[in-house]
Amino acid sequence: MRERVAMAYQYRLEKVGKVFGRRQIALARIDFVVQRGEKVALIGPSGAGKTSLFRILNCTLRPSSGKLWINGDEIESLHGRRLREVRRKIGTIYQQHNLVPRLKVIHNVLSGRLGRWSAFRSLASLMRPLEVELAWSALKQVGIEEKIFTRTDELSGGQQQRVAIARVLVQDPEVILADEPVSSVDPSLAASIVNLLIDIGRDTHKTLLMNLHSVDLALAYFPRVIGIKNGVALFDLSPDKIDDRLLEDLYSGHLPPSDQEKVAHAESNALAYP
Amino acid sequence: MRSPTLSRIPKSEKSLFSYLFALLFAVAFVDGWRRAEVNPLVFFDAENRGNLWKFISGMFPPDLSSDFLSLMIRPALETIQISVMGTIIAIAIGFPLGILGTRTFSIGGILNEADIQGSPLRRTWRFSAYFAARGLLSLFRSIPEFVWAFMFVRAVGLGPFSGVLAIAVAYGGMLGKVYSEIFEAANERPLEALQSTGASKLQVFIYGWFPQVLPNFVSYTLYRWECAVRASAVLGLVGAGGLGQQIEISMRMFNFHEVLTLLGILFVMVAAVDYISAKVRAML
């Protein structure tokens, strides 16, 4: 019985914290539960720890403290093949697209299949693309199918973001994590990309978590909004219950700027984590 | 009167280190001059001058007889063949060791945290692979190819194969070291994204790492091939085949006019290889 209850959760976080190095606290203590198929937006000032949180949610980083369950699996015990198995079911869209610039669009899109392909198949596909139709239909869905054989670094920022979305479509995960997916695209495109992701999530019953810089987009499109500041969840409410006072609290500079910088620095430095 | 604004300009401080460095350089220069027996005056010594003159004048005219030239075709080709085979085997040695010796691939960085943390066994295994690869690479390249050739001539006998092996091992060490530096310079963000799709390390390497660094990889490998052509000439001096062996024979026979011809052939070959690799690099 307990098992079945656990299975309904996509994510369950208990006192999750993340410290870089010795004392750079990116996340202090995060608790929340996300049901399967739920759509959640995360907002908060830069340096609040949202990116670190997403890196924990897609199993790139491990929490320094607390517990995380994904689909009923406690991820602390996962390594190697089983860890990759969990990662395959989580698709991530990054702020800076994180595509391989020298590869053609089709290979960047098909890299969403790597979790299902053997190393040999992956190599073969680089020589002569496999599953071209799958890539084509994904690119068609994001509206740039004519770029399929273009080199990725020849595309504009907005087009690259669409390639990244197509990669997630091809990956066909249970969860889509979108980390500031619109902060590097034209504001006029931002709403359409958020819309696209929400449509994809609804049509295929995927769980969707999105970090958003824009409060307006978060409140307009999501039934649940979590406000994160200084590594803790300040509120976790439906948008109609979020008033100006809460938002003011969220973005008011409680932290002295130097500390805020330190946290932001820790987050960006997570790449160089020893 | 001291102006207050002027006094506020901070002085750029010379650190003690730069003085120390200058002093160290001066000592090294004077000491090196004395102990390495540097003495430009030897060129003006009558006997040396005569020897030098004999050597240089003996080179002219170079031996361009068709007999000699046709005899040298084989050794010249052999030099190219030694360098090609040596470089190919060197890549086969340096590539896998270079990958394992890449910090961000084996033990550090964003790509390893989740997999290593909480698993001492994995940690130990990764660290040993990393240090073993690094250790082998430095062993291979710390012994000069000339010395490797010397050993391989003893082991597998006179001839081009010892030259191939010498280049393969010494250059494998150099290639692997530089490959790992090239791999380490790759942007990790796309790699992180690939890994998060559930790709294995090897797949991340094939799709993200290698495409990113391909131009550097090819251009450094070609540069090493160029060096290998030159090196395979030197290796001949210890009996490892190719043009070098011919140079050594002609030197020993005091046939300096043949030596000049051989040096000319070597020059043309190196220039040709240089030209080819420049063309390939331009294509990337």
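## Exercises on a two-chain predicted model

A quick warm-up before the exercises: A41(A) touches M210(A), L212(A), A218(A), F222(A) and V225(A), leaving aside residues up to four places away in sequence. Keep in mind that this is a predicted model.

**Exercise 1.** Work out where the largest nonpolar core lies with respect to the domains of chain A.

*Solution.* Start with the core itself: it has 126 residues. A41(A) from the warm-up is among those with the most contacts inside it, along with V109(A), A166(A), A166(B) and I167(B). Next, ask which element gives the most: that's helix α11 of chain B (residues 201–235), with 14 residues. Finally, look at chain A, where domain 1 (1–89 + 175–181 + 191–196 + 206–274) and domain 2 (94–172) both give residues, so the core lies between them.

**Exercise 2.** Describe the contact between the two domains of chain A, looking at the domain 1 side in detail.

*Solution.* First, the bounds: the domain assignment gives domain 1 as 1–89 + 175–181 + 191–196 + 206–274 and domain 2 as 94–172. Then count the residues: the contact takes nine from domain 1 of chain A and seven from domain 2 of chain A. Now pick out the elements that give two or more residues to the domain 1 side: α3 (80–88), β7 (175–179) and α8 (187–203) of chain A. Of these, α3(A) gives the most, with three residues. Last, sort that side by character, and you get four nonpolar, no polar and five charged residues.

**Exercise 3.** Place strand β9 of chain A among its partners and decide how enclosed it is.

*Solution.* Take one partner at a time. Strand β3 (residues 39–43) of chain A pairs with β9(A) in the parallel sense over four bridges, and V40(A) stands opposite R224(A). Strand β10 (residues 232–237) of chain A runs antiparallel to β9(A), joined by five bridges; here I228(A) stands opposite A233(A). β9(A) and β10(A) form a hairpin with two residues between them, and N230(A) in the turn has a positive phi of about 50 degrees. To finish, check burial: five of the six residues of β9(A) (224–229) are buried, so the strand is largely enclosed by the rest of the structure.

**Exercise 4.** Decide whether chain B is a compact globule or more spread out.

*Solution.* Begin with the make-up: chain B has 13 helices and zero strands. Its radius of gyration is 26 Å, well over the 19 Å that the globule rule gives for 284 residues, so chain B is more spread out than a compact globule. Its C-alpha atoms fill a box of roughly 70 × 70 × 40 Å along the principal axes, and 37% of its residues count as buried.

Notes: Residues are numbered from 1 along each chain as its sequence is written. Chains are lettered from A and ligands numbered from 1 in the order in which they are written. This is a predicted model: local features need pLDDT of at least 70, side-chain atom pairs count only at pLDDT 80 or more; totals for chains, interfaces and linings use all residues. A nonpolar core is a set of buried Ala, Val, Leu, Ile, Met, Phe, Trp, Tyr and Cys residues joined through C-beta atoms within 7 Å. A residue is buried if 20 or more other C-beta atoms lie within 10 Å of its own, exposed if 12 or fewer, and partly exposed in between; C-beta atoms are placed from the backbone. Domain bounds come from an automatic or database domain assignment. Ala, Val, Leu, Ile, Met, Phe, Trp, Tyr, Cys and Pro count as nonpolar, Asp, Glu, Lys and Arg as charged, and the others, Gly among them, as polar. Two strands pair if DSSP finds at least two bridges between them. The radius of gyration is taken over C-alpha atoms; the globule rule is 2.2 Å times the number of residues to the power 0.38.
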